Amino acid sequence: MFRRLFSALALALLAASAGASSPLIPETIGLHGVTWHSRAGFCNVNPGAYGIWSNGLTVGTYRNSECSQSFYLGHTWHADTGPVRWSLTGGGVTGYRAMTITPMVLPSAGVGPFRLTYIPRLRKTGAHAFHVALEWRR
């Protein structure tokens, strides 16, 4: 399993090098933090890290709400409006019991070093959530 995940991350880095001015260094680096869930019974501390390249490629890992490790690959679109940096990230994430790869469409807003992401509920037994991360852009 780890060999497949490592291979996927290596391929993502190669894909990033095709369209990025600095192929191995992301334009944005973030640290996942905490999550508030609309229902009890979920892990609220979700440490992890992510990178977003200038071409939109997004790669990351975190401890998910089911207390398992998740890895994700996707694309992020940005729209900066004054002090607020709006983003929409779409892709797939591993590590959840319900699906091998769970689809993700996550709107978020960044102000200063903070990014607040809305995570919609995908199943009746799930929860809506708001996640806070710290991020830095070069």
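Of the 138 residues of the protein, 38% count as buried in this predicted model. The protein contains one helix and eight strands, and read along the sequence these follow the pattern α-β-β-β-β-β-β-β-β. Among contacts between residues at least 6 apart in sequence, 41% join residues at least 24 apart.

## Largest pocket

The largest pocket holds about 820 Å³ of space. It is lined by 39 residues, and those closest to its centre are Tyr 62, Tyr 96, Met 104, Leu 106 and Ile 119. Two or more lining residues come from each of strand S1 (28-37), strand S2 (45-52), strand S3 (57-63), strand S4 (69-81), strand S5 (84-93), strand S6 (102-111), strand S7 (114-119) and strand S8 (129-137). Strand S6 gives the most, with six residues. Sorted by class, the lining has 19 nonpolar, 15 polar and five charged residues.

## Nonpolar core

The largest nonpolar core has eight residues: Tyr 50, Ile 52, Tyr 62, Tyr 72, Val 93, Met 104, Leu 106 and Ala 133. The elements that supply two or more residues to this core are S2 and S6. Tyr 62, Met 104 and Leu 106 belong to this core and are also among the residues closest to the centre of the largest pocket.

Ala 133, a member of the core, has contacts beyond its neighbours within four places in sequence. These are with Leu 31, His 32, Gly 33, Tyr 50, Pro 113, Phe 114 and Arg 115. Tyr 50, one of these partners, is itself part of the core.

Leu 31 is found in strand S1 and is partly exposed, with a relative accessible area of 40%. Leaving aside neighbours within four places in sequence, Leu 31 is in contact with Gly 48, Ala 49, Tyr 50, Ala 133, Leu 134 and Trp 136. Two of these partners, Tyr 50 and Ala 133, are core residues. Between Leu 31 and Asn 46, which are 15 residues apart in sequence, the C-alpha to C-alpha distance is 9.6 Å.

## Salt bridges

Side chains of opposite charge can pair when their charged atoms come close. A search of the whole structure finds four salt bridges. The table gives three of them.

| Acidic residue | Basic residue | N to O distance |
|---|---|---|
| Glu 66 | Arg 123 | 3.9 Å |
| Asp 80 | Arg 137 | 3.4 Å |
| Glu 135 | Arg 115 | 3.1 Å |

The salt bridge between Glu 66 and Arg 123 has its closest N and O atoms 3.9 Å apart. The pair links distant parts of the chain, with Glu 66 in the loop between S3 and S4 and Arg 123 in the loop between S7 and S8, 57 residues apart. Glu 66 counts as buried because its relative accessibility is 14%, under the 20% limit. Arg 123, at 33%, is partly exposed.

What does the salt bridge between Asp 80 and Arg 137 tie together? Asp 80 lies in strand S4 and Arg 137 in strand S8, so the pair connects parts that are 57 residues apart in sequence. Asp 80 is partly exposed, with a relative accessible area of 45%, and Arg 137 is also partly exposed, at 35%.

Are the two partners Glu 135 and Arg 115 buried or exposed? Glu 135 is buried at 4% relative accessibility, and Arg 115 is buried with a relative accessible area of 6%. Both values fall under 20%, so both residues meet the cut-off for buried. Glu 135 is in strand S8 and Arg 115 in strand S7, 20 residues apart. Salt bridges that share partners join Arg 85, Arg 115 and Glu 135 into one network. Arg 115 is also one of the contacts of the core residue Ala 133.

## Backbone at Cys 67

Most residues other than glycine have a negative phi. Cys 67 has a phi near 65°, a positive value in a residue other than glycine. Cys 67 is found in the loop between S3 and S4, the loop that also holds Glu 66. At 41% relative accessibility, Cys 67 counts as partly exposed, whereas Glu 66 is buried.

Conventions: Residues numbered from 1 in each chain as written. Predicted model: local features only at pLDDT ≥ 70, side-chain atom pairs only at ≥ 80, totals over all residues. Heavy atoms only, no water. 1 Å grid on protein atoms, 1.4 Å probe; cavity = no way out; pocket = protein on both sides within 12 Å on 5 of 7 lines; lining within 4 Å. Points joined across faces, edges and corners; volume = space filled by probe spheres on them. Helix = DSSP H or I, 4+ residues; strand = E, 2+ residues; numbered from the N terminus. Nonpolar A, V, L, I, M, F, W, Y, C, P; charged D, E, K, R; others polar. Salt bridge = Lys/Arg side-chain N within 4 Å of Asp/Glu carboxyl O. Buried < 20%, exposed > 50% of the residue type's maximum accessible area, 1.4 Å probe, protein only. Contact = heavy atoms within 4.5 Å. Core = buried A, V, L, I, M, F, W, Y, C linked by side-chain atoms within 4.5 Å.
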